[in-house]
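This briefing covers the contacts that one chain makes with its two neighbours, and one helix pair in particular.

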Amino acid sequence: MKAEREKNDPKTIISGKISGKLKAVYRVSAVVLAVLLFFMLATVMIGMPDIGNKNNPDNNEVAKRYIENGLEETGAVNIVSGMILDYRAFDTFGESCVLFAATICVMIMLRIDGQTKEDDEEAKKVTFGIRESAFSLIDSRNYEPENDSILKKSALLVVPLILVFGIYVVLNGHISPGGGFSGGAILGAGLILFLSAFGFSATEKFMNAKTVKITTLVSLLIYCLAKSYSFFTGANHIESVIPLGTPGAILSSGLILVLNICVGLVVACTMYSFYALVRRGRI
Amino acid sequence: MDFIKNFPFFSIMLSMFCAIVLSVLNRKAAKYMTRIVLGAVVCLSVAVLFFTIQRGESYVYYMGHFPAPWGNEIRFGCLESLFSLFVSLIAFLSVVAGTKAVEDDVEDRKENLFYILVCLMTSSLLAMSYTNDLFTGYVFIEINTIAGCGLIMVRQIGKTTVTAIRYMVISILGSGLFLMGVTLLYTLTGHLLMSNIKESVAELAQSGEYRVQFTIVIGLMLVGLAIKSGLFPFHLWIPDAYGQSNVVSSSLLSSTVSKGYIFLLIKIFVRTIGFDVIKSCGVLYICFTLGVVAMILGSVMALHEKSFRRMIAYSSIAQIGYIYMGIGLGTAAGVAAAVFHIFAHGATKSLLFISSSEFTEGSHTKTIEELKGLGYKYKFSAFCYSVGAFSIVGFPLLAGFVSKLLLGGAAIGHGAMQWIALLALAVSTILNAIYFLRTVIYLFIPDKAEKTDKPDMVPAYSMNCEDYVFGILILVMINLVLGLASGPIINIINNGLDIFS
Amino acid sequence: MWNLIVRHLNDLVAVALFVIGFADLLFQKNMIKKVIGLNVMDSSIYLLLASQGYITGRKAPIITDGVMSAEYYINPIPSGLVLTGIVVSVSVTALLLSMTIRMYKKYHSLDLDYCLMMARGEG
């Protein structure tokens with residue numbers, strides 16, 4: 001293996017096949033292209049409307065209605081949350097599907113389907129290069145932490161705080177800055193820290209492939225159904241029956257809170273599963 | 001409000017919903033669910049198509065409780081619904097006809113992931129064709145790109161990873177430029193909704209303000225989408241991507257994904273900016289020139305290619321060139337011809353890719369010379385492949401002939417452009433004929449060498465796989481319909497373009 | 001001229017970053033550097049959007065003290081677009097990085113050209 005690796009060492013081959021000339025061409029063309037594109041775009045920018053001017057074309061009736069009627073129509077104090085989850089919800093629905101599509105692609109690439117040790121030995125024989133090396137189950141044990149007490153103690157101290165803060169950000173998405181995506185990213189970061197401190201044996205008790213799958217499925221389905229409901233009623237001019245509540249309270253702003261929770265869960269699971277898939281090839 | 005107006009929204013949501021549910025199903029259930037849902041989407045699109053043809057106008061559908069400039073909306077006329085029908089039909093037939101190829105190429109436990117990507121791709125294409133909002137278009141372009149990347153690497157041999165990375169990097173460059181264009185357009189006009197942008201652009205164009213800016217913005221969007229659809233100087237990823245991936249992926253990528261970007265470009269040209277402004281700023285000359293160069297160079301490269309699948313991939317570059325040339329002519333007839341060519345090429349290319357699977361998978365054929373004599377072993381596939389080849393060359397009665405006729409007709413009366421276009425069409429058709437008929441002739445040359453005794457020769461799919469026969473036959477029929485009954489379809493396209501803006 | 005540059009400083013910086021990221025993504029051979037280029041490019045667009053939405057002296061669009069006048073807050077639309085854009089860019093980054101891992105495991109290199117050559121060699 002090692003000899004082969006040395007034989008295929010990129011540097012020896014590259015110095016033979018890709019000459020220094022090509023590198024120079026790359027650099028020169030990069031600089032030329034960058035300079036040309038810069039001057040082209042800079043000319044455009046100089047003639048654009050000024051920054052910070054309140055008479056710019058984009059400060060029109062659209063933005064005005066969002067601010068003046070947003071609270072009344074969506075029930076969200078955070079106008080941006082109200083805008084992306086109610087006025088322009090179709091965009092945001094597409095955005096969560098981008099995340100879903102990326103997760104599926106990462107799974108196609110990195111998930112190893114062998115479950116037991118025997119499967120793993122079997123998988124090694126398959127010709128995929130990826131299965132020969134650090135990705136197999138046995139090797140991933142080498143990366144597990146070995147009783148690193150500083151990491152463990154500080155993780156014990158910090159992780160609960162991170163998780164509570166993440167939940168706070170998710171639940172207050174319609175009242176204060178934040179929302180499903182940012183809160184979910186915080187939750188995911190907390191889970192990843194927990195995982196690196198205590199290893200997979202600890203996280204598997206509450207986060208295994210099944211939980212992640214079910215949570216993602218249920219959240220996305222609720223998201224999809226809630227949005228379908230509001231699109232359908234909106235387009236057919238049917239009054240929505242969901243109450244908006246008192247603006248400023250936690251239980252307010254209709255579907256926005258539910259959607260934020262769904263997005264938060266999906267994002268947290270996605271972040272965790274990216275990390276787990278990269279570490280050992282399964283969630 | 002008529003209930004049928006909900007159908008475009010239903011078809012987008014249905015395929016998205018299906019993609020989400022598929023993530024917990026096993027391979028068999030996933031396969032059947034995908035077929036059912038794609039079939040349902042086809043039926044919905046047919047209903048919308050007939051409805052819009054009957055009414056002869058286009059409709060706006062609010063996505064939410066708020067009217068247009070505040071909320072999102074989708075808009076559908078007969079052109080949009082025809083495109084959606086085309087996309088869902090090709091996706092459905094590719095999935096049905098390529099079942100065997102998918103089973104061979106994709107790991108068993110990842111097969112449902114493959115079908116998720118197909119559903120996501122279909123729904124994003126539907127959304128791109130229906131949307132009336134530029135930023136929604138951008139978001140769904142990204143879904144399309146990511147799904148396309150997954151479709152390439154779903155066949156897990158080492159080199160598909162490298163191919164997928166190249167595809168992804170090039171596509172990201174395109175989306176970066178496109179997003180920059182959207183941002184600048186938003187700054188200039190203050191709107192993201194296509195119809196509102198058109199109003200303010202018309203106002204600004206009349207006062208002569210921001211002339212340079214508009215030219216650059218249109219250029220950025222054109223280059224961004226051209227990179228993604230693989231127009232000539234940006235075509236480097238195409239041969240690897242279409243040549244190495246699974247046949248179903250190749251067929252979906254070449255006949256629907258890249259066409260989706262072009263459809264969005266037409267939408268931006270005609271509905272968002274307005275064709276008069278586009279014409280006056282000279283961007284169309286770039287379209288025309290690149291299209292003509294692609295037509296010739298794509299064919300020349302295909303002529304030099306020894307690998308069979310890569311040859312079909314190179315011919316896609318030439319065909320994309322035809323479409324851009326049609327748009328670049330700058331007339332309504334040119335755009336209509338380009339739209340017709342989108343359909344003709346999509347139907348033909350998926351037929352070619354999927355019927356070629358029997359040669360490449362069945363007997364491990366890679367180069368064109370190895371095709372010798374296979375026509376006698378795989379009679380059905382060879383026949384269907386020949387139909388596709390004749391169609392793309394431009395044989396009368398088939399789809400390719402009509403689109404070439406339309407392109408030629410649209411070119412006449414354009415001064416210097418006329419001769420260039422007609423010459424390019426002629427040269428490209430001759431080159432097409434040389435390299436496609438070469439494969440057909442090879443297929444039917446009796447092979448004297450003892451290659452037929454190769455132990456790993458698999459019996460023909462067509463013998464035992466009804467799905468394959470069904471899918472391929474329908475694709476052949478679509479080709480014939482596009483060739484024989486082109487009149488009504490051209491009418492729909494023309495009417496659709498009239499109410500498009 | 002100087003005055004003009006100062007007035008459009010954010011735009012010009014954003015454009016410069018965009019160009020740097022674009023050239024990085026196109027011409028770097030190392031995959032990690034390509035991913036960095038992607039992020040620089042996307043961030044520059046967000047900077048551009050955010051500065052277009054800003055109005056001098058106004059506040060972030062979260063209703064405080066019950067003031068609901070459009071004269072008091074900045075334009076919320078670009079902020080929303082940036083949020084959507086960030087999620088897209090995160091997804092694409094994760095996807096590219098995992099593809100890079102996959103490629104490294106197979107060819108033991110991060111150099112895209114080298115890996116392409118090796119892949120071509122496989123036939």
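In this predicted model, α7(B) passes α4(C) in a left-handed crossing. The points below describe that helix pair and then the two sides of chain C that touch chain B and chain A.

**The α7(B)–α4(C) pair**
- From α7(B), the contact is made by Gly158(B), Thr161(B), Val162(B), Ala164(B), Ile165(B), Met168(B) and Ile172(B).
- From α4(C), the partners are Val92(C), Leu95(C), Leu96(C), Met99(C), Arg102(C), Met103(C) and Lys106(C).
- By class, the residues of this contact comprise 10 nonpolar, 2 polar and 2 charged.
- Helix α7 of chain B spans residues 158-189 and packs against α4(C) at an angle of about 150°, the axes being 9 Å apart.
- The two helices are therefore roughly antiparallel, as angles over 145 degrees count as such.

**Chain C against chain B**
- Here 27 residues of chain C are in contact with 20 residues of chain B.
- On the chain C side, α2 (9-27), α3 (31-53), α4 (76-107) and α5 (112-121) each give two or more residues.
- The most come from α4(C), with 11 residues.
- This side of chain C divides into 20 nonpolar, 3 polar and 4 charged residues.

**Chain C against chain A**
- Contact with chain A involves 48 residues of chain C and 58 residues of chain A.
- The elements of chain C that give two or more residues are α1 (2-7), α2, α3, α4 and α5.
- Again α4(C) gives the most, with 17 residues.
- The side of chain C that touches chain A holds 28 nonpolar, 13 polar and 7 charged residues.

How values were computed: Residues numbered from 1 in each chain as written. Chains lettered and ligands numbered in written order. Predicted model: local features only at pLDDT ≥ 70, side-chain atom pairs only at ≥ 80, totals over all residues. Contact = placed C-beta atoms within 7 Å. Helix = DSSP H or I, 4+ residues; strand = E, 2+ residues; numbered from the N terminus. Nonpolar A, V, L, I, M, F, W, Y, C, P; charged D, E, K, R; others polar. Axes fitted to C-alpha atoms, helices over the stretch in contact; angles between N-to-C directions. Parallel < 35°, antiparallel > 145°, perpendicular 65-115°, else oblique. Left-handed = near helix turned anticlockwise from the far one by under 90°.
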